[in-house]
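Thanks for asking me to look this one over. Here are my notes, point by point, to read alongside the structure.

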Amino acid sequence: MTDLIQTSIENKVLTITFNRIEKKNALTHAMYTAMADAMEDARSNDEVRAVLFTGAEDVFTAGNDLIDFQQSGGLDGARPVVRFLSELVEIDKPLVAAVNGLAVGIGLTMLLHCDLVYMADHATLSAPFVDLALVPENASSLLLPNAVGHVRAAEIFMLGKKVNAEEAYAMGLVNQVTSLDDVLSVARKSAETLARKAPISLQTTKSLMRGDKQTLKDRIELEGGHFSTQLKSAEVMEAIAAFFEKRPPNFG
């Protein structure tokens with residue numbers, strides 16, 4: 001495991017922590033490899049009955065490292081990010097998230113695959129794909145409208161709306177809002193409760209609730225093709241340049 005992704009197993013809960021705090025826990029392909037490896041092992045490891053995601057310090061994740069993504073080819077083929085997204089769909093063991101701060105892009109879309117989500121009161125969710133001239137990923141173009149309705153999803157995806165903790169709770173995106181000091185312990189308590197339940201019953205229940213996995217895989221593949229095409233576009237070049245130059249992009 002890279003030090004940028006920390007993992008531990010305690011009381012049959014695998015905890016995966018994003019640990020690149022100097023970059024606000026932005027995810028690289030190497031970090032996706034580590035997470036995909038951990039998730040793949042968790043699927044067949046009897047010592048793991050639940051998975052808990054969180055971030056180091058007071059940040060969940062700022063999303064994908066765009067420079068790393070450009071250099072690595074985005075979502076083309078069987079790349080580490082695609083492996084991780086597939087594991088989120090494939091795993092039948094419950095997924096829990098402790099959103100301890102800023103959650104951008106994948107930081108939001110992975111929550112749509114989690115079974116329980118707890119959020120610190122100062123945290124925000126956002127998915128500024130269109131603002132970066134990109135498109136949604138992780139089957140979020142299907143899952144988010146299903147969860148919150150089309151018009152609210154359009155605000156988040158198309159207008160780039162940031163969603164605060166209370167709004168996320170009202171939308172049904174999170175189970176509970178708590179303080180930063182408490183969010184991890186509250187999430188861990190729930191994960192450990194799940195880990196003590198009858199595993200086959202729990203996994204079957206999750207599978208029945210989630211429905212057809214192939215539908216999600218097909219949407220991830222469809223999104224990935226568009227994402228990779230956009231990543232090579234002049235629109236993205238302008239969006240990234242504007243981001244680093246701290247100016248509005250000009251798509252004229």
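1. Charges first: the chain carries 24 positive and 33 negative side chains, and the centres of these two sets lie 3 Å apart. Please keep in mind that this is a predicted model. Across the whole structure, a search finds 13 salt bridges.

2. One of those pairs is Lys12 with Glu47, whose closest N and O atoms are 3.4 Å apart. Lys12 sits in the loop between strands E1 (5–10) and E2 (13–18), while Glu47 sits in the loop between helix H1 (29–44) and strand E3 (50–55), so the bridge ties together parts that are 35 residues apart in sequence. Both partners are partly exposed: Lys12 has a relative accessibility of 28%, and Glu47 has 46%.

3. Another pair worth your attention is Glu90 with Lys213, at 4.0 Å from N to O. Since Glu90 belongs to helix H3 (residues 80–90) and Lys213 to helix H10 (residues 213–231), this salt bridge ties together parts that are 123 residues apart in sequence. Glu90 is partly exposed at 22% relative accessibility, and Lys213 is partly exposed with a relative accessible area of 22%.

4. Glu167 and Lys161 also form a salt bridge, with an N to O distance of 3.2 Å. Glu167 counts as partly exposed at 28% relative accessibility, and Lys161 counts as partly exposed at 24%. Returning to the pair in point 3, salt bridges with shared partners link Glu90, Asp92, Lys213 and Lys217 into one network.

5. Where does Lys206 lie? Its place is in helix H9 (residues 199–210). Lys206 is buried, with a relative accessible area of 7%. Leaving aside residues up to four places away in sequence, Lys206 touches Ile91, Asp92, Lys93, Pro94, Leu95, His113 and Asp115. Asp92, one of these contacts, is also a member of the salt-bridge network in point 4.

6. Now the fold as a whole. The secondary structure comes to 11 helices and 10 strands. With a radius of gyration of 17 Å, close to the 18 Å that the globule rule gives for 252 residues, the chain is as compact as a globular protein of that length. Its C-alpha trace spans about 55 × 35 × 35 Å along the principal axes.

7. Finally, packing and surface. Of the 252 residues, 50% count as buried. Among contacts with a separation of 6 or more, 74% are between residues 24 or more positions apart. The accessible surface comes to about 11600 Å², and 52% of it belongs to carbon and sulfur atoms.

Notes
Residues are numbered from 1 along each chain as its sequence is written. This is a predicted model: local features need pLDDT of at least 70, side-chain atom pairs count only at pLDDT 80 or more; totals for chains, interfaces and linings use all residues. Side-chain values use heavy atoms; hydrogens and water are left out. Helices (H or I, at least four residues) and strands (E, at least two) are DSSP runs, numbered from the N terminus. Buried means under 20% relative accessible area, exposed over 50%, partly exposed in between (1.4 Å probe, protein chains only). Contact means heavy atoms within 4.5 Å. The radius of gyration is taken over C-alpha atoms; the globule rule is 2.2 Å times the number of residues to the power 0.38. Accessible areas come from the Shrake-Rupley method with a 1.4 Å probe; for residues, only the protein chains shown count as cover. Lys and Arg count as positive and Asp and Glu as negative; His and the chain ends are not counted. The place of a charge is taken as NZ of Lys, CZ of Arg, CG of Asp or CD of Glu. A salt bridge is a side-chain nitrogen of Lys or Arg within 4 Å of a carboxyl oxygen of Asp or Glu.
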